[in-house]
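Trainee: Can we go through this one together? I'd like to know what stands behind each label.

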Amino acid sequence: GTTCTFTVTATGSPTLAYQWKKNGSNISGATTSALLLVGVTALSWVSFTRLLPLAFLLAPTLIGAALALGQRGATVGNIIVAGMAIWATMRGLGPFGGGDPSSALLLLQVFLAVVSLTTLVLAAAATEGRQSRAALKQARDELEARVAERTASLSQANEQLAHGLAERLRAEEERRHLESQVLHAQKLESLGLLAGGIAHDFNNILTAILGNAELALADLPPDA
């Protein structure tokens with residue numbers, strides 16, 4: 001007996017949910033996945049159970065599933081195609097049926113290997129692209145948050161600086177006012193001291209004049 005082995009490597013990347021908008025209605029990612037997998041199944045059935053050269057149409061269908069659904073979608077699609085192709089080829093159906101079973105299965109394995117490798121590589125690239133876009137979006141959001149936080153911090157610092165400057169100007173104005181009052185008080189004090197000195201001098205002069213006058217009156221004769 002001839003044995004045919006087909007290995008598909010499935011990765012643990014999470015299935016991404018998408019929403020496609022068409023004519024104003026939303027089609028969920030689960031519905032899209034189901035439609036693509038049903039399409040892969042139907043096309044596999046037609047390609048491997050009819051004597052029609054339609055197997056080449058599986059490649060773009062699986063590539064579409066890989067790009068839309070990621071690595072899990074590509075893996076499930078490849079498993080469906082491989083199962084349908086092996087089942088049909090073992091019964092002599094499809095483009096690989098008929099003739100020597102060993103040669104047919106060998107050609108089938110080459111075909112499935114090329115298709116699965118292509119779709120899985122594209123799925124990995126698509127998943128990496130989505131992850132890169134998500135990481136870029138997250139980095140942009142974090143940068144915008146940091147810029148907003150820094151802007152708020154700078155605004156607060158600017159307000160504090162303006163308030164401090166106003167307080168400093170107010171204190172400077174009060175200092176100048178106090179200096180003016182002190183200078184005015186010093187001038188008044190100087191005027192008081194000057195007036196006191198002048199009064200004292202006049203008092204001394206008047207005292208001398210009054211003393212001399214009294215002496216002069218004392219020297220006058222009584223009948224004068």
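Mentor: Sure, start with burial: 20% of the chain's 224 residues are buried, where buried means under 20% relative accessible area, exposed over 50% and partly exposed in between (1.4 Å probe, protein chains only). This is a predicted model, in which local features need pLDDT of at least 70, side-chain atom pairs count only at pLDDT 80 or more, and totals for chains, interfaces and linings use all residues. Residues are numbered from 1 along each chain as its sequence is written, and side-chain values use heavy atoms, with hydrogens and water left out.

Trainee: Why is Leu 191 called exposed?

Mentor: Its relative accessibility is 54% and the cut-off for exposed is over 50%, so Leu 191 counts as exposed. Leu 191 sits in helix H3.

Trainee: What makes a helix or a strand here?

Mentor: Both are DSSP runs, numbered from the N terminus: helices are H or I with at least four residues, strands E with at least two. The chain has three helices and two strands, in the order β-β-α-α-α.

Trainee: And what makes a nonpolar core?

Mentor: Buried Ala, Val, Leu, Ile, Met, Phe, Trp, Tyr and Cys residues joined through side-chain atoms within 4.5 Å. The largest one has 16 residues, and Phe 48, Val 81, Leu 108, Phe 111 and Leu 112 touch the most other members. Helices H1 (29–49), H2 (58–90) and H3 (101–219) each supply at least two residues of this core, with H2 giving the most, seven.
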